[in-house]
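These exercises work through the architecture of one protein chain, from its overall make-up to the packing of its helices. Try each task before reading the solution below it.

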Amino acid sequence: MLAMIQKRVDKGDAEAMYHLGEQHFLGKHGLARDVPRAIELWTEAAELGSLDAHHHLGIMHYTGDGVEQDKPRGIHHWQEAAMKGQVTSRNNLGAAEDQNGNHQLAVQHWIISAEMGNEQSLDNIKDMFKKGLATKDQYAEALIGYRDSIEEMKSPQREEAKRLGV
């Protein structure tokens, strides 16, 4: 399996680089845990357009997991991914803004990700509403957007996969 992934990496496949980086980060498939190699692979994958690579680089830099903590750099990676539709990065941007006291910006990020089907963002907006930091209209917008997104993603094939535990 690693040989096949490496072939794709050698051909410049961003998603293969992301996947190999993940294996190095976790120390899976016979590879030793190698965080610097994971970061190297994820950085190259991000440059080639991998949204998941941007997302994970954002986590690492924001939290200081395996690298020196650099929150602005982490936020930059999340912004790159979020602008292209990576929903978890959008949720993380909301959390970062909430931590910084920018509650309205946090709610805006969470509305976007809730409308993309992110349940955690919906829960975050609900909590903000309960604290008086989000309006009833914002919460309603997030609820409707979340519902519509979930409905749009339904298909007989997905329901069957869910039933089978896939």
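The model used here is predicted.

**Exercise 1. Helix H8 against helix H9**

Task: State the handedness with which H8 passes H9, then describe the angle and axis distance of the pair and the residues in contact.

Solution.
Step 1. The crossing of H8 past H9 is left-handed.
Step 2. H8 covers residues 119-130 and H9 covers residues 136-153; the two pack at an angle of about 160 degrees, and their axes are 9 Å apart.
Step 3. Angles over 145 degrees count as roughly antiparallel, so H8 is roughly antiparallel to H9.
Step 4. H8 contributes Glu119, Leu122, Ile125, Lys126 and Phe129 to the contact, while H9 contributes Lys136, Gln138, Tyr139, Ala142, Leu143 and Tyr146.
Step 5. Sorted by class, the contact of H8 with H9 holds 7 nonpolar, 1 polar and 3 charged residues.

**Exercise 2. The chain as a whole**

Task: How many helices and strands does the protein chain have, and what does its C-alpha trace span along the principal axes?

Solution.
Step 1. The secondary structure amounts to 10 helices and 0 strands.
Step 2. Read from the N terminus, the order of elements is α-α-α-α-α-α-α-α-α-α.
Step 3. Along the principal axes, the C-alpha trace spans about 50 × 45 × 25 Å.

**Exercise 3. Two domains and their interface**

Task: Give the bounds of domain 1 and domain 2, and find which residues of domain 1 lose the most area to domain 2.

Solution.
Step 1. Domain 1 is assigned to residues 1-84 and domain 2 to residues 87-149.
Step 2. Their C-alpha centres are 27 Å apart.
Step 3. Across the boundary, 9 residues of domain 1 contact 7 residues of domain 2.
Step 4. The two domains bury about 690 Å² between them, with 61% of it on carbon and sulfur atoms.
Step 5. On the domain 1 side, His55, Trp78 and Ala82 lose the most area to domain 2; together they account for 61% of what that side buries.

**Exercise 4. Helix H2 and its partners H1 and H4**

Task: Is H1 roughly antiparallel or oblique to H2, and which residues of H2 meet H4?

Solution.
Step 1. H1 (residues 2-10) and H2 (residues 14-26) pack at an angle of about 135 degrees, with axes 8 Å apart.
Step 2. Roughly antiparallel needs an angle over 145 degrees, so H1 is oblique to H2.
Step 3. H1 passes H2 in a left-handed crossing.
Step 4. On H1, the residues Leu2, Ile5, Gln6, Arg8 and Val9 meet Ala16, Met17, His19 and Leu20 on H2.
Step 5. This contact of H1 with H2 has 6 nonpolar, 2 polar and 1 charged residues.
Step 6. H2 also packs with H4 (residues 51-63), at an angle of about 35 degrees and with axes 8 Å apart.
Step 7. Here Glu15, Tyr18 and Phe25 of H2 meet Leu51, Asp52, Ala53, His56 and Met60 of H4.
Step 8. By class, the contact of H2 with H4 comprises 5 nonpolar, 1 polar and 2 charged residues.

Definitions and conventions:
Residues are numbered from 1 along each chain as its sequence is written. This is a predicted model: local features need pLDDT of at least 70, side-chain atom pairs count only at pLDDT 80 or more; totals for chains, interfaces and linings use all residues. Side-chain values use heavy atoms; hydrogens and water are left out. Axes are lines fitted to C-alpha atoms, for helices over the stretch in contact, and angles run from 0 to 180 degrees between N-to-C directions. Helices (H or I, at least four residues) and strands (E, at least two) are DSSP runs, numbered from the N terminus. Angles under 35 degrees count as roughly parallel, over 145 as roughly antiparallel, 65 to 115 as roughly perpendicular and the rest as oblique. A crossing is left-handed if the near helix is turned anticlockwise from the far one by less than a right angle, and right-handed if clockwise. Contact means heavy atoms within 4.5 Å. Ala, Val, Leu, Ile, Met, Phe, Trp, Tyr, Cys and Pro count as nonpolar, Asp, Glu, Lys and Arg as charged, and the others, Gly among them, as polar. Domain bounds come from an automatic or database domain assignment. Buried area is the accessible area (1.4 Å probe) that two parts lose on being put together, summed over both.
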